[in-house]
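Biologist: Please take a close look at one part of this model, beginning with a turn between neighbouring elements. Then set that part in the context of the rest, with the cut-off for each term you use.

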Amino acid sequence: MKLKFNNNGKFKILLFGDIHEHTDYKTNPKFKDMNKLMNAALDEYKPDLCVLLGDNCNTDIYKESPEKFKKMLCAVIEPITSRKIPVAAILGNHEHDNGFEDEIVAVYNSIDGCIMRNDAPPEITGNANFKEFVYSSDGKNPVFCLWFIDSNNCHENRDISHYDYVHPDQIEWFEKECEKNKELNGGKPMPSFVFQHTPVPEEYELLRKARFWELPVAVRGYNTKKGTFYVGKKGTEGYVGEGPCSPDVNSGQFASWKKVGGILGAFFGHDHLNDFWGYHDGIFMAQHKTAGFRAYTDGCRSCVRLVTIDEKKPGKFEHELKRFKQFGLKSESLGPILRTISDRQSFWLHVLGYAAAAVGGVAIIGLIIKILIEVFGG
Ligand SMILES: [Fe+2]
Ligand SMILES: [Fe+2]
């Protein structure tokens, strides 16, 4: 499959985070809601490529029936494949849960229009490390590189880190491949994006420690950072809904991006609530919340993100995020409360609003009683 810029010089990538689909998809309204979001986004954006950011489909069923697993996956991506749009997928930690990673990669790769494979030698950590070039609109030269990196599962020693990280041998392979890309790009680092499931620890650089009065809207850090509460720092946009669940050990992946050059941005899944984004040390990082309704989430805020690159401006890109409700969709799977109060921040705003209204109401009634006593009582 050869990806290339359109005749208008653009290439649009539509991202879907953590769908976590299950085998009861045929009857479950949560599947219907995810499917509605996917269809609406595809109709509106007409992307050139879709990316599933890992934890896509429950792999438990693979052990019982590889066919059932494939059917479920085909049902999930049907809105994409039926429109003849290519879809690239990465492995999330949950695709590593049952020990069938290579088989699962083969299932993805067996579906027409679906890209998932392992370009790295088998001794390199991970089961699906690969890259795809986006070629110039005339189809002659690779001008942009999309990296799909396997961020593995949980760490084998939880005293070291809860989640695993991208290992040094993966980073070494990536750097060697970047050198090859450089040769193809006239000796300059090729502009690139990285897509991977688990965020790098540097994602915390987009946050800062919360002040005391910010605690109602702050999030608690994850695992070794659980003693600290965070909010987005100046320049960080989007929704910080939970402490990023990045590894507790820094394997040097972000430093490697800086070293090789050309990495414009990195896009992560894994945290189902966060959709914030910002720059750290010149590299854009965006967290992508779930596009589904299966895993823990927060009402109708499930969303997609569109990233657009431009052949004429290879060092620049545009992105936008759109939520379920913003497409004008109505949820069939959520109850009335989650349909309206759909995140912790607006929950607290609602509570404070009601409390202020109650206090104001009591004060007004008191004032009226006082006036009445003065006029008639005295
Ligand atoms: Fe997930
Ligand atoms: Fe995950």
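**The hairpin and its surroundings**

Modeller: A hairpin of two residues links S15 to S16. The model is predicted, so to speak of a local feature requires pLDDT of at least 70 and to count a side-chain atom pair requires pLDDT 80 or more, whereas totals for chains, interfaces and linings use all residues. Residues are numbered from 1 along each chain as its sequence is written, while chains are lettered from A and ligands numbered from 1 in the order in which they are written.

The two arms of the hairpin are strand S15, residues 303-310, and strand S16, residues 313-323. Strands are DSSP runs of E with at least two residues, helices are runs of H or I with at least four, and both are numbered from the N terminus. S15 and S16 run antiparallel and are joined by eight bridges; two strands pair if DSSP finds at least two bridges between them. Cys303 has Arg323 of S16 as its bridge partner, and Val304 lies opposite Lys322 in S16. S15 also pairs with strand S2 (residues 10-16), again in the antiparallel sense, over six bridges. In that pairing, Phe11 stands opposite Ile309 in S15.

Other strands form open sheets. One has seven strands in the order S1-S6-S7-S8-S12-S14-S13, with mixed pairing. Its edges are strand S1 (3-4) and strand S13 (277-280); each has a single partner strand, so one side of each is left without a neighbour in the sheet. The partnership of S13 with strand S14 (residues 283-287) is antiparallel and comprises four bridges, with Tyr279 opposite Phe284 in S14.

Another open sheet has three strands in the order S9-S11-S10, paired antiparallel. Strand S9 (207-209) and strand S10 (219-220) are its edge strands, each pairing on one side only. Two bridges hold the antiparallel pairing of S10 with strand S11, residues 229-232, where Val219 faces Tyr230 in S11.

Helix packing completes the description. Two packed helices are described by the angle between their axes and the distance between the axes. Axes are lines fitted to C-alpha atoms, for helices over the stretch in contact, and angles run from 0 to 180 degrees between N-to-C directions.

Helix H3 (residues 66-81) packs on helix H4 (residues 101-110) at an angle of about 50°, the axes being 10 Å apart. H3 is therefore oblique to H4; angles under 35 degrees count as roughly parallel, over 145 as roughly antiparallel, 65 to 115 as roughly perpendicular and the rest as oblique. The crossing of H3 and H4 is right-handed, that is, the near helix is turned clockwise from the far one by less than a right angle, whereas an anticlockwise turn is left-handed. On H3, Pro66, Phe69, Lys70 and Leu73 meet Glu103, Val107 and Tyr108 of H4, contact being C-beta atoms, placed from the backbone, within 7 Å. By class, this contact of H3 with H4 has five nonpolar, no polar and two charged residues. Ala, Val, Leu, Ile, Met, Phe, Trp, Tyr, Cys and Pro count as nonpolar, Asp, Glu, Lys and Arg as charged, and the others, Gly among them, as polar.

For helix H5 (residues 168-184) and helix H6 (residues 253-260), the axes come within 11 Å and cross at roughly 15°. H5 is therefore roughly parallel to H6. Ile171, Phe174, Glu175 and Cys178 of H5 make the contact with Gln253, Ser256 and Val260 of H6. The residues in the contact of H5 with H6 are four nonpolar, two polar and one charged.

At the level of the chain, the domain assignment, automatic or from a database, gives domain 1 (3-333) and domain 2 (343-378). The centres of domain 1 and domain 2, taken over C-alpha atoms, are separated by 48 Å.

Notes. Contact = placed C-beta atoms within 7 Å.
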